[in-house]
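Let's take a walk through this model together, beginning with one chain and then turning to the way the chains meet.

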Number of protein chains: 2
Amino acid sequence: MPEIIKPRTLSGFRDFLPETMMLREWLIDTAKQVYRTFGFAPIDTPALEYFEILGGKGSEETDRQMYQFRDHGDRHVGMRFDLTVPLARYCAQHINELGTPFKRYHVATVWRGERAQAGRYREFMQCDFDTIGTTSINSDIETALVIHDLMRALGFDRFKIRVNNRKVLNGFLAKHGLTDSSVAVLRAIDKLDKIGKLLVADEIKQTTTASDAQVEQILTLVDNDESNRNTIEKLKPLVADNELGEQGVHELSQLIAATEALGIHEDKLAIDVSIARGLDYYTGTIFETTLLDLPSIGSVCSGGRYDNLAELFTKQQLPGIGASLGLDRLLAAMETLEMVQSIRSPAQVLVALFDQAYLHDYLRLAAKLRAAGIFTEVYPEAKKIGQQLKYADRKGYACAIVAGADEFAQRKIQIKHLVTGEQFQVPYETDAAEIVTKLRELMD
Amino acid sequence: MPEIIKPRTLSGFRDFLPETMMLREWLIDTAKQVYRTFGFAPIDTPALEYFEILGGKGSEETDRQMYQFRDHGDRHVGMRFDLTVPLARYCAQHINELGTPFKRYHVATVWRGERAQAGRYREFMQCDFDTIGTTSINSDIETALVIHDLMRALGFDRFKIRVNNRKVLNGFLAKHGLTDSSVAVLRAIDKLDKIGKLLVADEIKQTTTASDAQVEQILTLVDNDESNRNTIEKLKPLVADNELGEQGVHELSQLIAATEALGIHEDKLAIDVSIARGLDYYTGTIFETTLLDLPSIGSVCSGGRYDNLAELFTKQQLPGIGASLGLDRLLAAMETLEMVQSIRSPAQVLVALFDQAYLHDYLRLAAKLRAAGIFTEVYPEAKKIGQQLKYADRKGYACAIVAGADEFAQRKIQIKHLVTGEQFQVPYETDAAEIVTKLRELMD
């Protein structure tokens, strides 16, 4: 007898128990469904790629975090750490076959050997959608609509999509000859929520050549009005005479006009010129989405527009826009906000195995319920009914069906509602129609 | 400008283009749905585990094929090569919390550094379901029902589930003092289809101590009758007086009685005493499923009963039964049998962007169609209509909607059926009801 190996997982990696996993599957399926309603189609790419592909961008942090090794053929390989680099490689390789605009979603696992800490995992899922090969503002608008529909489909009502356009601040800085200071300004603005206007102003003054008047204007720029239209009117003079800045404001106003026309109110989608989302990737529209009841968990859906997706892998310029759903954050939020009760059962009804002699009857009844769309499990052993009902309860089933020799002789069965404890006697005819009706009523 | 990195994937790994991926998603979703109708719930486990966990069983072939390396913390880790070892580790760790019977499905990627060859991949998906913690024959019966419902839900009508029970042959061999020859006998029987009875008999005679009469009986044992009941009657005397063998035949007869009672005919589920499914893992019921129109691709859904899932990780005995769906084989079969036409579109309708001035109208119309359950994409650029229709056609959409200034002024739009080329003029009222009706009619 060999020694027992201690069962354990690696630090930063997770087992998902059924309750959590059902919620994850529901969330992912809902997201996929929304993506498809807008014509996005799924793709997948390998978990393992050549290291030179994944490490192509050469960020030190990325390279350090990437799981990498030499494979059986002594190739230097890495495990994907995001879905963006694989998308870039994929588009460079297949775009002629795919055609543009290419609208894809990709739900897949990524790995990062980060220092393990609370809420940080070394293995997690990303859930991205992107539109590649068009610079049309209509795709920016559609991205906002997808995020909006997604949040609604997931059951959220109190959320805010914050939208900005990188061209606004970049145009403003260019207009004032401060383009070289843009990283420093962005870094300072990013702290607005945490440290407040005065300290942000101090930081900009210390780290850039901006004059006091310019710093004042920057603070005006990032100060949002309750009304999207007022914000746009305020931005116009600040970027006047700079083409890039004017374009940014125009794009924001087109996006706001369209979402307004579709009845999305500004309490759900608002311009926020203070959001930046990283320093160098996005070039136009950017999005963040916060839950009004849980702002502290950060953005649950973010993204934006970029000019050139795949420059590492092709000379073909591929502009695009997309966003990524924060699965782990949304799941945590749904748990905290208690939105998850009804999503945690694989099925709805347990047929108790009261007497093995009637196995075929139980199986036939279950098959009929399934054919009527009611997910039904038959307990596999003729254990005590109390134990079987406890099992049904633990799995979150709404009802249990109990029947033995007497019931089958009289063509009737017992339905027990597991939440209220009520019991009902229902006739069991060949088509099980009355049972289906009663179960539907009880599960409502 | 850095040099372009050649976009490519590793040998044995695949990119999935949208058409293929939609089919995969449909297949996986259908399988999950069927598993759930029987009360199976999803789980997930990490892709990376301690090497000592995955390599615990110590098969040389497995260890050689496993992707393994030292992680950032110098731990020896491996990428999972199947879902069975992780399930064993998971059950050993969590079974007290999960309770039994524990019914789970697991759809996840596994990796094997095999020599790359046609139809063999180094990365593929497994799609398993298992019932852990019960020895009840009812779970064997349920496994057969799940496989049957699965095949039907996937659209297959001409398939055969072959069922056997390892106890039958093992009991027979024990009865004749040939237990030590069981591996040799299984190896020979496994070649029955390829080399025929005579050569199988020769091989058994050469590799075991079986007498000519015993070899004759073995060949009778593995020779199946058209009728399941006849097969069972034939088996009874062959295993008579051996407890294990009699138990095996009894289990087969219980399984056949139940599936017959549910109306599953023997052309769909038949006893086949010649199937073995590996030499040492399964201990009772075993299953294989072949497509009658494509027998050469092998079994598309296989599994069986085992006595002790997790002996490497716990002293608790965990019997179970399960099966695994062969995703890649099924997908290949569906392509070959041309069963896939309608599954390859992310959406159904394209709203052409005829005139950017009417963007809000297009967006509103699309939102109304989506609200009515019709998946609808709006083209993002005001390109030539021909180009937009070509795009819709390539994505497999059924219809396109075209409307410009005239149409909106007269409150009517054009619906183009992309398959027949027919065009229809339909009134566009605020609720878009007539458009929805016409689209539904055309998409039927």
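## The single chain

Chain A is built from 16 helices and 16 strands. Its radius of gyration is 28 Å, well over the 22 Å that the globule rule gives for 444 residues, so chain A is more spread out than a compact globule. Measuring along the principal axes, you will find that the C-alpha trace of chain A spans about 90 × 60 × 45 Å. Please keep in mind as you read on that this is a predicted model.

## How the two copies are related

A turn of 180° with a shift of 0.0 Å along the axis lays chain B on chain A, and the RMSD is then 0.0 Å. That is the relation of a two-fold axis. If you would like a landmark for this axis in chain B, look for B:Phe69: its C-alpha is the nearest one in that chain, at 3.1 Å from the axis.

The symmetry has a counterpart in the contact itself. Of the interface residues of chain B, 100% are also interface residues in chain A, so the copies meet through the same surface.

## The interface in numbers

Chain B brings 108 residues to the contact, and chain A brings 108 residues as well. Between the two chains an area of about 8,900 Å² is buried, with carbon and sulfur atoms giving 60% of it. On the chain B side, the residues that lose the most area to chain A are B:Ile5, B:Arg8 and B:Leu10, which together account for 8% of what that side buries.

The rule for polar contacts finds 50 residue pairs across the interface of chain B and chain A. Which element of chain B gives the most to the side that touches chain A? The answer is helix α1 (residues 18-37), with nine residues. Sorted by character, the residues on this side of chain B divide into 53 nonpolar, 26 polar and 29 charged.

## Charged pairs

Side chains of opposite charge can pair when their charged atoms come close. Over all chains, the count comes to 56 salt bridges, and between chain B and chain A it is ten.

Two pairs are worth finding on your screen. In one salt bridge, the side chain of B:Asp15 meets that of A:Arg89, at 2.5 Å from N to O. In another, B:Glu377 pairs with A:Lys103, where the closest N and O atoms are 3.1 Å apart. This second pair crosses between chains, linking strand β13 (residues 376-378) of chain B, which holds B:Glu377, to strand β5 (residues 102-111) of chain A, which holds A:Lys103.

Technical notes
Residues numbered from 1 in each chain as written. Chains lettered and ligands numbered in written order. Predicted model: local features only at pLDDT ≥ 70, side-chain atom pairs only at ≥ 80, totals over all residues. Heavy atoms only, no water. Least-squares fit on C-alpha atoms with pLDDT ≥ 70 in both. Contact = heavy atoms within 4.5 Å. Buried area = accessible area lost by both parts, 1.4 Å probe. Salt bridge = Lys/Arg side-chain N within 4 Å of Asp/Glu carboxyl O. Polar contact = N/O pair within 3.5 Å; in protein donor to acceptor, adjacent residues only side chain to side chain. Helix = DSSP H or I, 4+ residues; strand = E, 2+ residues; numbered from the N terminus. Nonpolar A, V, L, I, M, F, W, Y, C, P; charged D, E, K, R; others polar. Rg over C-alpha atoms; globule rule 2.2 N^0.38 Å.
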